[in-house]
Amino acid sequence: MRIVNFSRGDTPQLGLEVGETIVDLGVAAPQLPRELVELLALGENGLDVARAAGEAARGNAIVRREDVLLHAPTTRAGKMFCLGLNYVEHADESEVARPDFPVIFLRTATSLVGPDAAIIRPNCSDSLDFEGELVAIVGKRARHVSPENALDVIAGYSVFNDASIRDYQFKSSQWTLGKNFDGTGAFGPVFVTADELPPGAAGLKIETRLNGTTVQSANTSDMIVSVVEAVVLLSKVTTLEPGDLLIMGTPGGVGLARKPQLWMKPGDICEVEIERIGCLSNPIQQEAGVEAIAGA
């Protein structure tokens, strides 16, 4: 099942992507929540109701994809864990030593943008880099998960562009600032349930294109830390909850490691595509130069 967060008016709504159409679950199953995190919190019963509604949908419950605006699958994730240096080629090309333990950092909600929305290059830096990544989305509350049960925790998968402000990323040993500028984490366009994909979303081609030119190309089987291992590790530390995101790291080919370095600039289009999941496309836009203070 392929779930999208969309709007054809003022209110975002969940829908099922079926070819070039979307089944509006607000019409087909009005008893369901309007947000992915809340739907996942219902467990398998909620997904079963959505699936049945999609199969039975008729009439005004079906809309053309071209007539709606897609958003990030969720903006309500409680925790967004990102894995750094999680592909061998990217670890080798980076200017830091390959870690003995997984590199993990967090993203904030204000850093997210949806499909087709602009990734923002901030006024304070021009070193805006691309990072195409797989996202695993938690579907069950879990702690101290065994490897045998780890994939039962994951409800499905999506696509992410972990766009990074490289000079700010390396101003300290902590990467938080460079990974959390507003409007730099592109996410979507679709949430694909785990039963539609290979276990752990392994064996899928992942590719990033900048203005149509392929700049990253790899396979999700090349990850150093698998989805299983990420779930086991993180659940030792914290309670995983429905809607939490595990953003699984990027392959080699990033702009930072190129000679000359290749940064995204206003007017560019960056696409991240993962086989059997979808293509996330975003234009690059310069940050507005107006000071913005809430309440001013």
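User: Does Tyr168 count as buried, partly exposed or exposed, and at what relative accessibility?
Analyst: This is a predicted model. Buried means under 20% relative accessible area and exposed means over 50%. Tyr168 has 23% relative accessibility, so the residue counts as partly exposed.

User: Which residue forms an edge-to-face aromatic pair with Tyr168?
Analyst: The ring centres are 5.3 Å apart and the planes are at 80°. The partner sits in the loop between helix 5 and strand 14, whereas Tyr168 is in helix 5, 13 residues apart. At 18% relative accessibility the partner counts as buried. It is Phe181.

User: Which residue lies over the face of Tyr168, and at what distance from the ring centre?
Analyst: A charge sits over a ring if NZ of Lys or CZ of Arg is within 6 Å of the ring centre and within 35 degrees of the ring normal. Over Tyr168 lies Lys171, at 4.8 Å.

User: Which residues do ring pairs link into a cluster?
Analyst: One pair, Phe170 and Trp175, is edge-to-face, with 6.2 Å centre to centre and 75° between the planes. Phe170 is partly exposed at 38%, while Trp175 is buried at 13%. The cluster consists of Phe105, Phe170 and Trp175.

User: How many disulfides does the structure hold?
Analyst: A disulfide needs two cysteine sulfur atoms within 2.5 Å. The sulfur of Cys124 is 19 Å from the closest cysteine sulfur, in Cys82, and therefore too far for a bond. For Cys279 the nearest cysteine sulfur, in Cys270, is 9.4 Å away. The number of disulfides is 0.

User: Which helix gives the most to the largest nonpolar core?
Analyst: That core has 53 residues, and Val227 and Val231 are among those that touch the most other members. The helix spans residues 227-237 and gives 5 residues. It is helix 6.

How values were computed
Residues numbered from 1 in each chain as written. Predicted model: local features only at pLDDT ≥ 70, side-chain atom pairs only at ≥ 80, totals over all residues. Heavy atoms only, no water. Core = buried A, V, L, I, M, F, W, Y, C linked by side-chain atoms within 4.5 Å. Buried < 20%, exposed > 50% of the residue type's maximum accessible area, 1.4 Å probe, protein only. Helix = DSSP H or I, 4+ residues; strand = E, 2+ residues; numbered from the N terminus. Phe/Tyr/Trp six-rings, centres within 6.5 Å; stacked < 30°, edge-to-face > 60°.
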